[in-house]
Amino acid sequence: MLQASDIQYLVVHCSDTPDTDSIGAPEIHEMHLGFGWHGIGYHRVIKRNGLIEHARPDYWQGAHVLGHNEISLGVCLIGRSIFTDAQFQSLEQVLLAWRETYPSAVICGHRDFSYTDKSCPNFDVALWCQAHGIESFAHPLA
Ligand SMILES: [Zn+2]
């Protein structure tokens, strides 16, 4: 079980599904079960219309950043390249709420972890935070 003090990273992902697919947490859940995981690996999913879906509870270790799952929470934007304004508004809401509980956690994108060559979430999370007045802290070097 994750404790609030364990959380060092708040990680932004995308589902890497076509922008025209209006899927949500149930579809991701099925996809991740198919990988042999214990269901959906993220803690929050943000649908194309901006709806925030709760997936794994925050105390349950996720499956979204290899080697860092025990110190992070993950939020996934549905889509691949162009995210909607409603999604970005909801992302801000999720991150600000998490920031209250995990004040020292670094906000970053999946691609900021050096172990991966993924481009997920396909935008610069630190720059986005800057543009929205959200402190992301330093780029993680883990
Ligand atoms: Zn990812």
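These legends go with a few close-up views of the structure above.

This is a predicted model, where local features need pLDDT of at least 70, side-chain atom pairs count only at pLDDT 80 or more, and totals for chains, interfaces and linings use all residues. Residues are numbered from 1 along each chain as its sequence is written.

**View 1. The sheet and its strand order.** Here 5 strands form an open sheet in the order 3-2-4-1-5, with mixed pairing. Strands (E, at least two residues) and helices (H or I, at least four) are DSSP runs, numbered from the N terminus, and two strands pair if DSSP finds at least two bridges between them. Strand 3 and strand 5 sit at the edges, each pairing on one side only. From one strand to the next, the twist averages 25°.

**View 2. Strand 1 and its two partners.** All 6 of the 6 residues of strand 1 are buried, so it is largely enclosed by the rest of the structure. Buried means that 20 or more other C-beta atoms lie within 10 Å of a residue's own; exposed means 12 or fewer, and partly exposed is in between, with C-beta atoms placed from the backbone. Y9, V11 and H13 point one way from the strand, while L10, V12 and C14 point the other way. Strand 1 runs parallel to strand 4, joined by 6 bridges, and C14 stands opposite L77 there. With strand 5 the pairing is also parallel, over 4 bridges; Y9 stands opposite V106 and L10 opposite I107.

**View 3. The two sides of helix 2.** The buried residues of helix 2 are Q87, S90, L91 and L95. They cover an arc of only 135° around the axis (taken from the directions from the helix axis to the C-beta atoms), which puts them on the same side of the helix. Turned away from that side are the exposed D85, Q89, L96, A97 and E100. The buried residues pack against strand 1, strand 2, strand 3, strand 4 and strand 5.

**View 4. The largest nonpolar core.** This core has 32 residues, and those with the most contacts inside it are L10, V11, Y42, V45, C76, L77 and I107. A nonpolar core is a set of buried Ala, Val, Leu, Ile, Met, Phe, Trp, Tyr and Cys residues joined through C-beta atoms within 7 Å. Its largest share, 5 residues, comes from strand 1. Leaving aside neighbours within four places in sequence, L77 is in contact (C-beta atoms, placed from the backbone, within 7 Å) with C14, I46, F83, Q87, L91 and P121.

Note on methods:
Contact = placed C-beta atoms within 7 Å. Axes fitted to C-alpha atoms, helices over the stretch in contact; angles between N-to-C directions.
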